Amino acid sequence: MRALLPMPHRRFVEEADGAVKVSIFRPVESLKVLLKRDVSPENLAISGGLGVFLGVFPLIACQALVILVTTNYLRLNKYAALGTSQICNPPILPALCIETGYFVRHGRFLTEISLRTLGYQGLERILEWIIGAFILGPLMGLATAGIMYGAIVLLKRKRPIADG
């Protein structure tokens, strides 16, 4: 619960000058730092998959909060889940979810993909987005977890990560 409160607390990993090493701009170094903190590759992969799974859903204005609460409840890595959920930002994955949901509802694809259909009619397409998210969410989550696990295993095999 403390991770959700706006109270200062100990940083995840600090360098000698006090800077945190985890960054989305350096994914390989961030994975190394996360693995040094007694986090198993399975935990990181499941966290990443959960982040993408929840990131696909239209949780407008509360996506990060839902991810934090879920990872806290399941005792998963919050950094990995929040980091991977960012690949679900518009327009690509929401458009794919809307297309999938539209196909399930109407039996044909939405042929006009434009600012009008996805932007201005976005609230009218929430039902298609939710239907598509229930189909694409598990698939994208499993794919992300598999890719993350493979990358972590290759990273550990290539260069053993020293405890630090």
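Visitor: Before Gln63, what do buried, exposed and partly exposed mean here?
Guide: Buried means under 20% relative accessible area, exposed over 50%, and partly exposed in between, using a 1.4 Å probe and protein chains only. This is a predicted model: local features need pLDDT of at least 70, side-chain atom pairs count only at pLDDT 80 or more, and totals for chains, interfaces and linings use all residues. Residues are numbered from 1 along each chain as its sequence is written, and side-chain values use heavy atoms, leaving out hydrogens and water.

Visitor: So is Gln63 buried or exposed?
Guide: Gln63 has 18% relative accessibility, so it counts as buried. Gln63 sits in helix 3, residues 63–74. Helices are DSSP runs of H or I, at least four residues, and strands are runs of E, at least two, numbered from the N terminus.

Visitor: What does Gln63 touch?
Guide: Leu54, Gly55 and Ser85, leaving aside residues up to four places away in sequence. Contact means heavy atoms within 4.5 Å.

Visitor: How many helices and strands in the protein?
Guide: Seven helices and zero strands. Of the 164 residues, 35% count as buried.

Visitor: Leu54 and Gly55 are in helix 2, right? Which residues of helix 2 are buried?
Guide: Both are on that list, along with Pro41, Leu44, Ala45, Ser47, Gly48, Gly49, Leu50, Gly51, Val52 and Val56. Twelve of the 16 residues of helix 2 are buried, so the rest of the structure largely encloses it.

Visitor: What is in the largest nonpolar core?
Guide: Twelve residues: Val52, Val56, Phe57, Cys88, Leu93, Cys97, Ile98, Tyr102, Leu110, Trp129, Ala133 and Leu136. A nonpolar core is a set of buried Ala, Val, Leu, Ile, Met, Phe, Trp, Tyr and Cys residues joined through side-chain atoms within 4.5 Å.

Visitor: Which helix gives the most to this core?
Guide: Helix 5, with four residues.

Visitor: Switching to the surface. Which residues form the nonpolar patch?
Guide: Phe103, Val104, Phe109, Ile135 and Leu139, with about 470 Å² of accessible area together. Helix 5 and helix 7 are the elements that give two or more residues to the patch. Patch residues have over 30% relative accessible area and no salt bridge; nonpolar side chains are joined within 5 Å, like charges within 9 Å. A salt bridge puts a side-chain nitrogen of Lys or Arg within 4 Å of a carboxyl oxygen of Asp or Glu. Areas come from the Shrake-Rupley method with a 1.4 Å probe; for residues, only the protein chains shown count as cover.

Visitor: How does Phe103 count?
Guide: Partly exposed, because its relative accessibility is 37%. Phe103 is in helix 5.
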